[in-house]
Structures are given as structure tokens and as C-alpha cells.
Amino acid sequence: MKKFGCIKNGLTEVDMDNWKSVYQNVTQTKTSDGDPCWGIDIDCYAYNWFLKKVMPVLQNNFIQDIKLIFSSFIRLTHPISTHRDIKPIPNNDAGKHYKSILFPYSVDGHKSNFTGASTRFYNEENKLIQSVPWEPKSILWWDSEVLHDSGDFKKFGVNYKEYIITHTYV
């Protein structure tokens with residue numbers, strides 16, 4: 001059974017632009033490396049918007065029972081090292097981690113040329129299985145426990161990449 005993949009042309013550029021606008025209207029925080037991040041969770045005023053606009057895309061591409069842990073729009077300038085996406089489930093709800101779902105938005109401000117941007121996946125021995133290149137309007141996904149990193153985009157001359165990442169459970 002596949003533990004990660006890419007759905008090509010799963011989104012429209014208009015949806016992505018609209019979503020980015022909403023995310024950037026919530027409170028900005030910082031990632032652990034200090035990159036700007038705008039997040040939505042069950043306690044955010046944009047949570048109902050997320051359920052109405054983003055959740056149907058997740059349900060149509062995955063399963064109906066999917067629930068949100070949190071989702072954020074990130075402008076990443078520091079590559080992220082290998083990790084798993086095991087996050088606290090909201091309100092101590094019963095459930096298990098499901099998928100992390102990434103919507104690539106831009107690379108150095110460009111929404112059509114994603115050269116140098118990828119997400120890399122590893123086996124349990126931390127050996128690279130596959131580097132999945134970003135594509136415009138695509139949906140990258142992986143099981144939450146899968147080891148992955150942001151790719152070494154700096155090596156390719158990329159200054160930053162922007163994306164929406166959503167962590168889910170069932």
C-alpha cells in the first residue's frame with residue numbers, strides 16, 4: 001500500500017489564491033526556524049471557512065471521515081530536516097493520525113516554475129526512497145508517520161517556497 005503520492009492538477013490557481021488570502025488574514029506566527037506561518041485549527045475564527053472550502057477537497061481526494069488537526073500557509077526559507085508529522089489531536093479527541101496534505105503554492109514567488117522544489121520521503125533506516133518534485137496545482141500527500149523532509153531547495157538556488165500544509169486524523 002502506497003504511503004505517499006501526488007495528485008496532479010488537483011486544485012485551481014484561483015482556489016489557491018483565495019485560500020492564501022484567508023490564511024494570511026489569521027494571526028501570523030513563526031515556524032521553529034523563524035519562517036512566517038499562518039495557521040488554522042479548531043480554535044481559529046477561520047475554522048468554519050476551512051470546513052466549507054478546503055475540507056471538501058480533502059474529502060473528495062481521500063476519505064469522508066477526515067478531520068483537521070491543523071493547517072497552515074508557510075513561506076519556508078529554511079529547509080526542514082527529516083521528521084514525522086505526529087501532532088497532538090485537538091481536544092484529546094479519540095482518533096489516529098491519517099495524512100499530511102501539501103498544496104504547493106509558489107517557488108520564489110513563481111506559481112508556474114517549481115524547479116528545485118520537492119518533498120523527499122525516507123524509509124525507517126532514513127534512506128531516501130523518492131524525491132517528489134513539486135508541480136503547480138498538485139496535491140502531495142503522505143501518511144503522517146512517514147519520514148520526510150522539505151528537500152534541499154537551497155542547493156538549487158531557491159530562496160523560498162510557499163505552501164499550505166494540512167495535518168489530519170480519522
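This passage describes the fold of a single protein chain, from its overall dimensions to its two sheets and its cysteines.

The structure is a predicted model, and its protein chain comprises three helices and 10 strands. Followed along the sequence, these elements appear in the pattern β-α-β-β-α-α-β-β-β-β-β-β-β. The radius of gyration of the chain is 15 Å, close to the 15 Å that the globule rule gives for 170 residues, so the chain is as compact as a globular protein of that length. When taken along the principal axes, the box filled by the C-alpha atoms is roughly 40 × 35 × 30 Å. Of the 170 residues, 46% are buried, and the accessible surface of the chain amounts to about 8700 Å², with 49% of this area belonging to carbon and sulfur atoms. Among contacts between residues at least 6 apart in sequence, 75% join residues that are at least 24 apart.

Seven of the strands form an open sheet with antiparallel pairing, in which the order is β1-β8-β5-β10-β4-β3-β2. The edges of this sheet are taken by β1 (4-7) and β2 (28-30), each of which has a single partner strand, so one side of each is left without a neighbour in the sheet. On average, and with direction ignored, neighbouring strands here are turned by 25° against each other. In general, the strands of a sheet pair through backbone hydrogen bonds, in either a parallel or an antiparallel manner.

Within the seven-stranded sheet, strand β10 (residues 161-169) runs antiparallel to strand β5 (residues 97-107), to which it is joined by eight bridges; in this pairing P104 stands opposite Y163 of β10. Strand β10 is also joined to β4 by nine bridges, again in an antiparallel arrangement, and here L76 of β4 has K161 of β10 as its bridge partner. Strand β4 is in turn connected to β3 by four bridges, with the two strands running antiparallel. Seven of the 10 residues of β4 are buried, so this strand is largely enclosed by the rest of the structure. Helix α1 (residues 13-23) lies across β3 (36-40), β4 (67-76), β5 and β10, and it runs at about 105° to β5.

A further open sheet is formed by three strands in the order β7-β6-β9, and its pairing is antiparallel. Its edge strands, β7 (128-133) and β9 (147-149), each pair on one side only, while neighbouring strands are turned by 20° against each other on average, direction being ignored. Three bridges join strand β6 (residues 118-122) to β9, with the two strands running antiparallel, and the bridge partner of Y122 in β9 is L147.

The cysteines were considered in light of their sulfur positions and their accessibility. A search of the whole structure finds zero disulfides. C37 takes part in no disulfide, and the nearest cysteine sulfur to it, that of C44, is 11 Å away; because a disulfide requires sulfur atoms within 2.5 Å, the sulfur of C44 is too far from that of C37 for a bond. Both residues are nevertheless shielded from solvent under the 20% cut-off for burial, since C37 is buried with a relative accessible area of 11% and C44 is buried with a relative accessible area of 15%. C37 also contributes to the pairing within the seven-stranded sheet, where its bridge partner in β4 is I74.

Definitions and conventions: Residues numbered from 1 in each chain as written. Predicted model: local features only at pLDDT ≥ 70, side-chain atom pairs only at ≥ 80, totals over all residues. Heavy atoms only, no water. Pairing = 2+ DSSP bridges. Axes fitted to C-alpha atoms, helices over the stretch in contact; angles between N-to-C directions. Contact = heavy atoms within 4.5 Å. Rg over C-alpha atoms; globule rule 2.2 N^0.38 Å. Buried < 20%, exposed > 50% of the residue type's maximum accessible area, 1.4 Å probe, protein only. Areas by Shrake-Rupley, 256 points an atom, 1.4 Å probe, with all protein chains shown as cover.
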